[in-house]
Amino acid sequence: MMITPTSIGGVYEVQPEMMYDERGAFARVSCVDEFSKYGLPADWSQSSISWNPKQYTLRGMHYQEAPHGEHKLVRCTRGRIYDVAIDLRVDSPTRLQWHAVELTMDNRLAIYIPPGVAHGFQTLEVNSEVLYHIKEPYCREAARGVRWDDPAFSIDWPTQPHCIAEKDTQFPLFQED
């Protein structure tokens, strides 16, 4: 697999190296040894999927507050999504910057997101499915979010969301501490 740093420290794009034969293809999508070369844990405590029947559904921007911050590996297993990570870490040189990548069933890319970085995505096709590997168990009390349309981030989304959870529209605007 190829692990490529993005413009945000700790956020990586992960490209599986496909091995083809008469049966089709095979590739690793997570590997403790490969991830450890970049200081990334890969001992997942849970794996989850989200299925999104509508095009332009927006989920995000979510994170868990310390000490329950999440390491995530996110991949689109069906359809296409526009995946976004926002750096919220106080001590980071890329604080408040965002990185976006299109994850598709066909390109098989994944994005690795460290604690302190909010995550969300917008579906670009109907019936898009997203697979998450998450290191830390979910902690409802630590669940937080920032507004997907907050001018503090000025994310360049493909379009206005056609479907979004009310809770994702109710997050407060970002304010410096």
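**Notebook: cavity, pocket, strands and salt bridges**

I began with enclosed space, and the structure holds one cavity of 30 Å³ or more. Before going on, I noted that this is a predicted model, where local features need pLDDT of at least 70 and side-chain atom pairs count only at pLDDT 80 or more, while totals for chains, interfaces and linings use all residues. Residues are numbered from 1 along each chain as its sequence is written, and side-chain values use heavy atoms, with hydrogens and water left out.

**Entry 1: the cavity**

I wrote down the terms before anything else. On a 1 Å grid over the protein atoms alone, a cavity is a set of points where a 1.4 Å probe fits but cannot get out; a pocket is an open set with protein on both sides within 12 Å along at least five of seven lines; lining residues have an atom within 4 Å of a point. Grid points are joined across faces, edges and corners, and a volume is the space filled by probe spheres set on the points.

The largest cavity has a volume of about 50 Å³. I looked up its lining and found, among others, His62, Tyr63, Gln64, Ile113, Val117 and His119. Strands here are DSSP runs of E with at least two residues, and helices are runs of H or I with at least four, numbered from the N terminus. β6 (57-64) and β11 (117-123) each supply at least two residues of this lining, and the largest share, three residues, comes from β6.

**Entry 2: the pocket**

Next I turned to the largest pocket, which has a volume of about 580 Å³. It is lined by 27 residues, and Arg59, His62, Tyr132, Tyr138 and Lys167 lie nearest its centre. Which element gives the most to the lining of the largest pocket? I found that it is β6, with six residues. Among the other elements that supply at least two residues each are β5, β11, β12 (128-134) and α2 (166-169).

**Entry 3: strand β11**

β11 supplies residues to the lining of the cavity and to that of the pocket, and I wanted to know how covered it is. My cut-offs: buried is under 20% relative accessible area, exposed is over 50%, and partly exposed is in between (1.4 Å probe, protein chains only). Seven of the seven residues of β11 are buried, so the strand is largely enclosed by the rest of the structure. Both faces are covered, with Val117, His119, Phe121 and Thr123 buried on one side and Ala118, Gly120 and Gln122 buried on the other.

Then I checked its neighbours, counting two strands as paired if DSSP finds at least two bridges between them. β6 and β11 run antiparallel and are joined by three bridges; Arg59 has Phe121 as its bridge partner in β11. β8 and β11 also pair in the antiparallel sense, over seven bridges, and Tyr82 has Gln122 as its partner there.

**Entry 4: the open sheet**

I traced an open sheet of six strands in the order β1-β2-β10-β7-β12-β5, with antiparallel pairing. Its edge strands are β1 (2-5) and β5 (46-52), each pairing on one side only. Inside the sheet, three bridges join β2 (residues 12-15) to β10 (residues 110-113), and Tyr12 stands opposite Tyr112 in β10.

**Entry 5: salt bridges**

I used this rule: a side-chain nitrogen of Lys or Arg within 4 Å of a carboxyl oxygen of Asp or Glu. The count comes to 10 salt bridges.

- Asp87 pairs with Arg89, the closest N and O atoms being 2.9 Å apart. Is Asp87 buried or exposed? At 0% relative accessibility, Asp87 counts as buried.
- Lys37 pairs with Glu34 at 3.2 Å between the closest N and O atoms, and Lys37 counts as exposed at 60%.
- Arg147 meets Asp149 at 2.9 Å, N to O. Arg147 is partly exposed at 21%, and Asp149 is partly exposed at 34%.
- Arg80, Glu102 and Glu125 are joined into one network by salt bridges that share partners.

**Entry 6: Ser92**

Last, I looked up Ser92, which is found in the loop between β8 (80-87) and β9 (98-104). Ser92 is buried, with a relative accessible area of 14%. Its side chain joins that of Thr94 in a polar contact of 3.1 Å. The term means a pair of N or O atoms within 3.5 Å; within protein, one must be able to donate a hydrogen and the other to accept it, and residues adjacent in sequence count only if both atoms are side-chain atoms.
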